[in-house]
Amino acid sequence: MNLRTRLFSISMTIAAVMTAVMIADRVQTQRSALIDKVQSRSADLADLASEAAVYALRSGRTGRLAELLSPFGEMRQVVYIKVLDKEGRPVHRAGAIGVDIDAREIDFSASDVEDGVYDLTRRLIKDDEDWGTLRLGVSTESVSASVAQALRRGLLIGLSFLALLAALLWRISALGGRDMALLVKAAGGINSRTLPPLPAADGESEVGRLSTAFSALHSDLRDERARRKELEDNRKDFFAMAVHDLKQPLTVLKAVNEMILESVQAGGDGGKRDLGRISELSVESIERLNDMVEDLLNISRLDSPDIPLDKRRIELPAFLRECDRDFAAAAERAGRKWVFSDESGGGAWIYGDEKLLKRLVGNLVMNAVQYTPEGAKIHLGARRGGGGRIEIYVRDEGKGIPEELREAIFEKYRTFSDNNRNVGLGLAFCKMAAERHSGEIKVSSEPGRGTEIAVALPSSGREENES
Ligand SMILES: Nc1ncnc2c1ncn2[C@@H]1O[C@H](COP(=O)(O)OP(=O)(O)OP(=O)(O)O)[C@@H](O)[C@H]1O
Ligand SMILES: [Mg+2]
């Protein structure tokens with residue numbers, strides 16, 4: 001049984017019980033009033049009949065009793081009439097056909113009307129003398145008939161009222177019924193953890209509003225679940241690829257060591273000559289491995305919002321000077337012209353994880369070196385950007401980045417390099433690092449002429465520093 005039917009049947013049961021109680025009360029009140037009426041009329045009748053009986057008994061003409069009392073005996077409502085003399089002997093008896101007058105054993109102290117007769121008795125006292133007793137039975141059939149009629153009318157009104165109420169209640173319960181059904185469906189989905197898609201709720205009634213809120217919660221849950229799944233899938237892909245890529249420099253390292261071993265075992269001069277080149281390869285592979293492991297660790301750190309970064313206030317000019325010192329040599333060694341400028345105006349501070357930020361700049365510089373020809377200029381600089389931000393940029397005179405790739409280059413493992421040493425993690429790491437610092441990365445590039453990649457970071461004010 002659904003909620004609507006349950007609410008409906010509970011309301012209807014309550015209404016039916018209340019109606020029945022009201023009808024019973026009404027009928028009982030009416031019955032009491034009718035009995036009162038019969039009793040007072042019977043008393044009047046008994047008074048009149050007593051007068052007649054006393055008159056006959058006093059005058060000693062008991063034979064006239066039948067004549068005097070016959071109008072009473074003929075009355076439709078009089079069931080019996082009986083007169084006893086002072087010794088208790090019956091001197092007159094009359095009654096409706098089928099009524100055994102002598103057999104009526106009546107408890108006169110109670111006005112018992114259960115058998116359809118109201119019995120009453122009168123002592124026949126006149127001038128302080130007791131002349132006997134008059135007993136009168138009056139029919140209460142009119143009461144029963146009226147009560148039955150009142151009951152019929154009450155039932156008719158009650159049933160009409162209940163039918164009307166039922167229609168009304170069913171209509172009212174239907175108002176929020178659709179929303180209620182939605183609610184029930186949503187709850188079912190959550191219980192079974194399937195979270196099926198839900199249609200929109202009406203949102204008008206209270207149940208509707210509840211249903212809207214529930215639907216929103218439900219769709220948040222769905223989104224969250226989808227996001228978690230995507231994250232989980234990414235993580236799995238990421239680690240599968242990472243393991244695969246780490247194997248490559250390891251294989252080179254192994255081969256290099258085998259070559260060293262072979263040349264040592266050969267012991268000849270040729271072997272010694274090759275050793276320098278072999279060691280170079282070995283160091284390169286180790287550096288590559290080191291870089292990859294560093295990138296992987298950093299990315300997985302940035303990927304987990306729960307792992308805090310080691311953030312502190314950083315004085316921008318000093319930070320830039322360090323970057324200049326660390327990266328200029330590598331660029332120049334690779335045959336590029338190095339330019340450094342700090343246009344931030346001095347006194348600027350940023351707030352962040354210094355190691356991560358330096359690695360971010362390092363990645364931009366490494367890309368600039370890799371994607372520019374020998375002799376090209378690489379420019380590391382900083383300036384004040386919009387919204388009180390500081391922009392640290394690396395500009396080059398390389399091949400540029402085509403418009404259609406400017407989003408894809410930030411995806412993990414997306415590389416457009418022909419060199420199979422590139423894995424496509426550099427810019428993905430830069431973007432994640434910038435975002436964890438409430439910053440962003442901006443690319444401007446002219447294919448064939450050069451690229452500028454800038455990271456915009458919020459500047460850390462002096463007051464903020466103190467707090
Ligand atoms: N300064 C640049 N000039 C031209 N293209 C660039 C520049 N920087 C990045 N790119 C392009 O963006 C792509 C993604 O760069 P990213 O640094 O993420 O990966 P990668 O350099 O290919 O590999 P690695 O993980 O070894 O850095 C590169 O493959 C390259 O095509
Ligand atoms: Mg790169």
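These legends accompany several close-up views of one predicted protein model.

A few conventions first: residues are numbered from 1 along each chain as its sequence is written, and chains are lettered from A and ligands numbered from 1 in the order in which they are written. In this predicted model local features need pLDDT of at least 70, side-chain atom pairs count only at pLDDT 80 or more, and totals for chains, interfaces and linings use all residues, while side-chain values use heavy atoms, with hydrogens and water left out.

**View 1. The whole chain, for orientation.** The protein chain holds 10 helices and 11 strands; these are DSSP runs numbered from the N terminus, with helices being H or I of at least four residues and strands E of at least two. Of its 467 residues, 36% count as buried (under 20% relative accessible area; exposed is over 50%, partly exposed in between, with a 1.4 Å probe and protein chains only). About 27,800 Å² is exposed, and carbon and sulfur atoms supply 55% of that area (Shrake-Rupley method, 1.4 Å probe; for residues, only the protein chains shown count as cover). Among contacts between residues at least 6 apart in sequence, 67% join residues at least 24 apart (contact: heavy atoms within 4.5 Å).

**View 2. The five-stranded sheet and its helices.** Here you can follow an open sheet of 5 strands in the order β6-β8-β9-β11-β10, with mixed pairing (two strands pair if DSSP finds at least two bridges between them). At the edges stand β6 (337-342) and β10 (440-446), each with a single partner strand, so one side of each has no neighbour in the sheet. From one strand to the next, the twist averages 15° (axes are lines fitted to C-alpha atoms, for helices over the stretch in contact, and angles run from 0 to 180 degrees between N-to-C directions). Helix α7 (residues 316-333) packs on the sheet and touches β6, β8 and β9, its direction making about 175° with that of β6. Helix α8 (residues 354-370) lies across β6, β8, β9 and β11, at about 25° to β9.

**View 3. The β10 edge and Ser-444.** Strands β10 and β11 (residues 450-458) pair in the antiparallel sense over 7 bridges; Ile-441 has Val-455 in β11 as its bridge partner. Ser-444 lies in β10 and is partly exposed, with a relative accessible area of 40%. Leaving aside neighbours within four places in sequence, Ser-444 contacts Thr-451 and Glu-452. Glu-403 is 41 residues from Ser-444 in sequence, and their C-alpha atoms are 9.1 Å apart.

**View 4. The largest nonpolar core.** This core has 51 residues, of which Leu-316, Trp-338, Leu-360, Val-361, Ile-392 and Phe-429 touch the most other members (a nonpolar core is a set of buried Ala, Val, Leu, Ile, Met, Phe, Trp, Tyr and Cys residues joined through side-chain atoms within 4.5 Å). Its largest share, 8 residues, comes from α8. Not counting residues up to four places away in sequence, Trp-338 touches residues including Phe-327, Val-365, Ile-378 and Leu-380.

**View 5. The four-stranded sheet.** In this open sheet, 4 strands follow the order β2-β1-β4-β3 with antiparallel pairing. Neighbouring strands are turned by 10° against each other on average, direction ignored. Strands β3 and β4 (residues 129-139) run antiparallel and are joined by 10 bridges, with Asp-119 opposite Gly-137 in β4. Helix α2 (residues 65-74) lies across β1 (78-84) and β2, at about 155° to β1.
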